[in-house]
Amino acid sequence: MKTTLNDLFISSARVIHLGYFHKGSLMWQRSNSPEGYEYSFYHSEQLGYFPKMPVIIQSNGLPWDIGNAYLLGQLEKPSLSNMRTLTARATHLKYYLQYLDDTEQHFLDLPKLYHERAPQKFRVFMSRVLDKHDFSAEHINNVLSTVAHFYTNIRYESLVPEESLGNKPFTHIKKSILTTNRVGLVRNIEVTSSDLKIKSSRRHSPSLGQLRDDGTLRPLSFEEQKIIFEAFRNEYASIELELMMKIALETGARQQTVCTLSISCVRAAYEKLENDAELDVAVITAGRRYKGDTKGGKLNRLFFSRKLIESLMVYIQSERAEHRRLHINSFYGDTNENYVFLTRSGNPYYTAQREITDRQDLKSALHISVPIIVPKSGQALRNELGRFISRIQKGNKSFKKFSFHDLRATMGMNIVRSFRIRGYPDSKIFDYVRQRLSHNNIRTTESYLNFDSDLSEFNEIQNEFGTIFFEGASDD
């Protein structure tokens, strides 16, 4: 079994989650009770509850006060995209607490000698971890980045006396980097990092037949896609799964975006197509202030064909979809604000940030009789996809498993291959793939254009080697 970061520590510190958390304050007053005082809790009038609030628990079973005070301070930060981000930070900080426990240090152990300060020693420890184990440098640096963010914020919010941080835990580093915007213009931007970051030349290289695009992806072959669409015709998939997969294959949208699209987005696209018979494509924008979530809230324009939008409208207006919207678990009910896709139990496949925000509005009429939220992160979709693949494999044992995210890479490679057949130059293909998949990194887009040639070269080498090997064997 692969080693995890948690396996490296003896400390039993952990992260738990509170399903229904209100932010507020305690008011203490004297009373006639045996204790001589009593307290009352007053929650903020401006905020509702936060679902799945992470809490860091120490080895002794008590909450880690300073770590949890830091997490509370992040709840209303505009830069915090969602509760999943907060959970990630809680987990990263928990690793730091485990290290402090195991080495019998305190987070304020900041002596005069710079290299003896707790966060600097943690950096050395994590550097050794990176050398000895198969962790990505990006993952390790995310942990260290959270530690730096923790110290910055407890100072900014005066959670500890200023003199306690007299010896700085780390050093800020400002540097200029080249970046390319969405239209291809290159410019310098200044970023702030810290000396806790580990420099590493380790880059995870994908296996043959795979791409790196926010994870290791395997583009499906044309034959595999034919098998999938035949399975759709044989009704191996639910209509929800079929439509979600078609969206991913046509637009390159990630699971999070597909699952959080609202009915209003599709209706607006449909109306635009209805008002202009010459249009064949409608654009739905996701991210930031729009109603479909994207990774990190990044703005993303999705291109839908007329046929797909019409199919989605037929589904939205069906009794099946309406029944799911009317389920007691459906927060938005039978309104345009609801998700396009819900499970049989009326829950979203992936909880949108807008729902978490809307549930915090105590004045919202939507709160009436709606159960407490249990945030969803796509497990129901993964389960449906697994069952779909299993049904295909019963009649085709050679059919390989794939993830929903692989459909994004499949869409990208479909563009590359179709454009090359039409004779488009690679420069034009590059621009189009980058725009449709919203790549920040040029290398990611380049990997799509090089994918077929890399695979072809490998196969040619293997064939030549096989010919030489077997010819030599026959001479013996």
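## Pockets, helix packing and selected residues of a predicted chain

The second largest pocket is lined by 18 residues, and those nearest its centre are M411, N414, I415, S418 and R422. A pocket here is an open set of points on a 1 Å grid over the protein atoms alone, with protein on both sides within 12 Å along at least five of seven lines, and lining residues have an atom within 4 Å of a point. The model is a predicted one, in which local features need pLDDT of at least 70 and side-chain atom pairs count only at pLDDT 80 or more, while totals for chains, interfaces and linings use all residues. Residues are numbered from 1 along each chain as its sequence is written, and side-chain values use heavy atoms, with hydrogens and water left out.

The volume of the second largest pocket is about 460 Å³, a volume being the space filled by probe spheres set on grid points that are joined across faces, edges and corners. Its lining draws at least two residues from each of α5 (222-233), α6 (239-251), β12, α13 (406-421) and α14 (426-437). Helices (H or I, at least four residues) and strands (E, at least two) are DSSP runs, numbered from the N terminus. Helix α13 provides the largest share of this lining, seven residues. By class, the lining comprises ten nonpolar, four polar and four charged residues; Ala, Val, Leu, Ile, Met, Phe, Trp, Tyr, Cys and Pro count as nonpolar, Asp, Glu, Lys and Arg as charged, and the others, Gly among them, as polar.

Enclosed space was also searched for. One cavity of 30 Å³ or more is found in the whole structure, a cavity being a set of points where a 1.4 Å probe fits but cannot get out. The largest cavity holds about 30 Å³ of space. Its lining consists of N329, S330, F331, Y332, N338, Y339, L342, G346, P348 and E355, which divide into five nonpolar, four polar and one charged.

The chain as a whole contains 15 helices and twelve strands. Of its 476 residues, 41% count as buried, that is, under 20% relative accessible area, whereas exposed means over 50% and partly exposed lies in between (1.4 Å probe, protein chains only). Among contacts between residues at least 6 apart in sequence, 63% join residues at least 24 apart, contact meaning heavy atoms within 4.5 Å.

Helix α4 (residues 137-156) packs against helix α1 (residues 65-74) at an angle of about 85°, the axes lying 10 Å apart. That angle makes α1 roughly perpendicular to α4. Axes are lines fitted to C-alpha atoms, for helices over the stretch in contact, and angles run from 0 to 180 degrees between N-to-C directions. Angles under 35 degrees count as roughly parallel, over 145 as roughly antiparallel, 65 to 115 as roughly perpendicular and the rest as oblique. On the α1 side the contact involves I66, G67, Y70 and Q74, which meet T146, H149, F150, N153 and I154 in α4. This contact has four nonpolar, five polar and no charged residues.

Helix α4 also packs with helix α3 (residues 118-132): their axes come within 10 Å and cross at roughly 170°. The two helices are therefore roughly antiparallel to each other. From α3, the residues in contact are P119, F122, R123, M126, V129 and L130, and from α4 they are A137, I140, V143, L144, V147 and Y151. Eleven nonpolar, no polar and one charged residue make up this contact.

Four individual residues are placed in the table.

| Residue | Location | Relative accessibility |
|---|---|---|
| N300 | strand β12 (residues 300-305) | 6%, buried |
| A282 | strand β11 (residues 281-286) | 3%, buried |
| E104 | loop between α2 (83-102) and α3 | 75%, exposed |
| S158 | loop between α4 and β7 (172-180) | 58%, exposed |

Leaving aside neighbours within four places in sequence, N300 is in contact with I284, T285, A286, T294 and S438. With the same exclusion, A282 is in contact with A269, L273, L302, F303, F304 and I309. The C-alpha atoms of A282 and Y270, twelve residues apart along the chain, are separated by 7.8 Å. Turning to the loop residues, E104 has a positive phi near 55° and is a residue other than glycine. S158, also not a glycine, has a positive phi of about 55°.
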